[in-house]
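Student: I should like to learn how to read a protein structure feature by feature. Might we look at one together?

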Amino acid sequence: MYYGMIKPCDIADGPGVRTSLFVSGCRHHCKGCFNSETWDFQYGQPYTEETTQMILKALKPSYIQGFTLLGGEPFEPENQIELVKLLKTIRKTYPQKDIWCYTGYLFDVDLKPGGRVFTSVTAEMLSYIDVLVDGEFIEEQKDISLPFRGSKNQRILKLRELTQE
């Protein structure tokens, strides 16, 4: 897996101050994508154990509310194998911090058993995520007034609440 960027102090991709990882690789190719360079699965640099350590160090300060995973596309099957390990480590190391994830795939269609990108680790990956913002960016539905999303079709799903119902 490759990644394009780590933002140690991000205030745009979830509440509070966050550490964000932008992974590489995306098959959606949304018109008007703000991060189209990350469509390439080889964009940026290889993800290594040192990358995990950088993220954990960035998450350490008490003013960091949580971690955000975006891209590219975190739920591309090629990315899930590495990312489930990262999310598990973050959850274990910082149980008080929240985890947000952005995906162009739909939670109740693509990320369920039998869905387009459901793999042997998808359910575990989802179990570590507090909030999932799902749905492709649709330029014709772009709305800059929406908090934490780019187009009206995208949903903010509080997964912890959904799994407790």
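Student: Which residues of helix H2 are buried?

Tutor: This is a predicted model, and a residue is called buried here when its relative accessible area is under 20%. In H2 the buried residues are Asn-79, Gln-80, Leu-83, Val-84, Leu-86, Leu-87, Ile-90 and Arg-91. To read such a list, recall the general idea: an α-helix has 3.6 residues a turn, so residues three or four places apart point the same way.

Student: What span should H2 have, and how far apart are its end C-alpha atoms?

Tutor: The expected span follows from a rise of 1.5 Å a residue. H2 covers residues 77–93, which is 17 residues, so it should span 24 Å; the end C-alpha atoms lie 25 Å apart, in agreement with that value.

Student: Where does H2 bend, and by how much?

Tutor: The bend is located at Leu-83 and amounts to about 30 degrees. Leu-83 is also among the buried residues of the helix.

Student: How are the strands ordered in the sheet?

Tutor: A sheet is read by listing its strands from one edge to the other. Here seven strands form an open sheet with mixed pairing, in the order S3-S1-S2-S4-S5-S6-S7. Strand S3 (45–46) and strand S7 (155–158) stand at the edges with a single partner strand each, so one side of each has no neighbour in the sheet.

Student: How many bridges join S4 to the strands S2 and S5?

Tutor: S2 (residues 17–23) is joined to S4 by seven bridges, and the two run parallel. For instance, Leu-21 has Leu-69 in S4 as its bridge partner. Between S4 (residues 64–71) and S5 there are four bridges, again in a parallel arrangement; one pair consists of Gly-66 and Asp-98 of S5.

Student: Are the residues of S5 buried or exposed?

Tutor: Six of the six residues of S5 (residues 98–103) are buried. Asp-98, Trp-100 and Tyr-102 point one way, while Ile-99, Cys-101 and Thr-103 point the other way.

Student: How many helices and strands does the whole protein have?

Tutor: The protein has four helices and seven strands. Their pattern along the sequence is β-β-β-α-β-α-β-α-β-β-α. The radius of gyration is 15 Å, close to the 15 Å given by the globule rule for 165 residues, so the protein is as compact as a globular protein of that length.

Student: What share of the residues is buried?

Tutor: Of the 165 residues, 48% count as buried. As for the surface, the accessible area comes to about 8,400 Å², and 55% of it belongs to carbon and sulfur atoms.

Technical notes:
Residues numbered from 1 in each chain as written. Predicted model: local features only at pLDDT ≥ 70, side-chain atom pairs only at ≥ 80, totals over all residues. Heavy atoms only, no water. Expected span 1.5 Å × (residues − 1). Bend = angle between axes of the 7 residues up to and from the residue. Buried < 20%, exposed > 50% of the residue type's maximum accessible area, 1.4 Å probe, protein only. Rg over C-alpha atoms; globule rule 2.2 N^0.38 Å. Areas by Shrake-Rupley, 256 points an atom, 1.4 Å probe, with all protein chains shown as cover. Pairing = 2+ DSSP bridges.
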